[in-house]
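Colleague: I'm new to reading structures, and I'd like a close look at just one part of this one. Could you walk me through it slowly?

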Amino acid sequence: RLSYEAYLMSGLEASELSSHSGIYSARKHKFSSSVDNPAVAARLGYDLGRGWQAGVSAFVSGLKSSGEYGDALSGTSYTLGEGHLAYQAGGFTSRIVGAYSVISGVEKINSTLGKDLGSSQYGALVEVGYDLLRLADWNIGQSLVVYSRADTYDLQLTTKDIPDNTDNDRYEFNFGLLYRPIRHVLFKADYQFFRSRAQRDIQKM
């Protein structure tokens, strides 16, 4: 079974792009959104049957800033492509996700806004989990999932005219529990371990 979605939305705020957090802060809030800088997102999914699902998605946005930079950022854009594969059977769930993005005109953004953005970025994750309540065969509409996830990403995969900060090439490992008493309500506790190519370790609860 094939499914698809497409969205038109406000684009990214160039001044909020970061080599440490990517586009997280660049997504505009609805109160500051502008039709002058649109973005398009699309998703294609396919149910392979027997618990398997696969899909791809894409996001394309122009890059503008609310600052007074005139046409300095003209022609810059952000493009993201993603693919995923998921499996679910009984209480077991797993997924694999990979993403790659490109910033066109990154030299303009770095020189105009004083940024250190990479021209391309990538990320990937593998996650597995199991609902422990399935072991008791309780049909109570709740779940208690123990899970583990490994992430790798580099927000400066390639750079132009700036040094490559190896601290942005990171590996993350998560182990945790997720309790869902009712639909749309969940409680989560996890342990996170971060490691960068710069050999800096961070542990977080």
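Which strands each supply at least two residues of the lining of the largest pocket?

Modeller: Happy to, and keep in mind that this is a predicted model. The strands you're after are strand 1 (2–10), strand 5, strand 6, strand 7 (120–131) and strand 8, and each supplies at least two residues of the lining of the largest pocket. The largest share comes from strand 6, with six residues. The space in that pocket comes to about 950 Å³. It has 37 lining residues, and the closest to its centre are Ser21, Gly22, Ile23, Tyr153 and Leu155.

Now let's follow some of those strands outwards. Strand 8 covers residues 143–158, and arginine 149 is found in it. You might expect a charged residue to stick out, so check the number: arginine 149 has 16% relative accessibility, and because buried means under 20%, it counts as buried. What does it have around it? Leaving aside residues up to four places away in sequence, arginine 149 touches Arg95, Leu125, Val126, Glu127, Glu172, Phe173 and Asn174. Its side chain also makes a polar contact with the side chain of aspartate 151, at 3.0 Å.

Strand 5 (residues 77–89) takes us somewhere else: it pairs with strand 4 in the antiparallel sense, over 11 bridges. To find that pairing on screen, look for glycine 55, whose bridge partner in strand 5 is histidine 84. Strand 4 (residues 52–64) also pairs with strand 2 (residues 12–13), this time in the parallel sense over two bridges, and leucine 12 stands opposite leucine 63 there. Then there's strand 3 (residues 38–49), which runs antiparallel to strand 4 and is joined to it by 10 bridges. One of the pairs to look for is aspartate 47 with glutamine 53. Strand 3 and strand 4 form a hairpin with two residues between them, and arginine 50 in the turn has a positive phi of about 55 degrees.

Strand 6 (92–104) leads to one last stop, since what covers the buried residues of helix 1 includes strand 4 and strand 6. Those buried residues of helix 1 (residues 106–113) are Val106, Ile109, Asn110 and Leu113. Seen down the helix axis, they fall within an arc of 100 degrees, so they line one face of helix 1. Here's a handy rule for that: an α-helix has 3.6 residues a turn, so residues three or four places apart point the same way. Just after helix 1, glycine 114 takes a positive phi of about 70 degrees.

Notes:
Residues numbered from 1 in each chain as written. Predicted model: local features only at pLDDT ≥ 70, side-chain atom pairs only at ≥ 80, totals over all residues. Heavy atoms only, no water. Helix = DSSP H or I, 4+ residues; strand = E, 2+ residues; numbered from the N terminus. Buried < 20%, exposed > 50% of the residue type's maximum accessible area, 1.4 Å probe, protein only. Polar contact = N/O pair within 3.5 Å; in protein donor to acceptor, adjacent residues only side chain to side chain. Contact = heavy atoms within 4.5 Å. Pairing = 2+ DSSP bridges. Arc of directions from axis to C-beta. 1 Å grid on protein atoms, 1.4 Å probe; cavity = no way out; pocket = protein on both sides within 12 Å on 5 of 7 lines; lining within 4 Å. Points joined across faces, edges and corners; volume = space filled by probe spheres on them.
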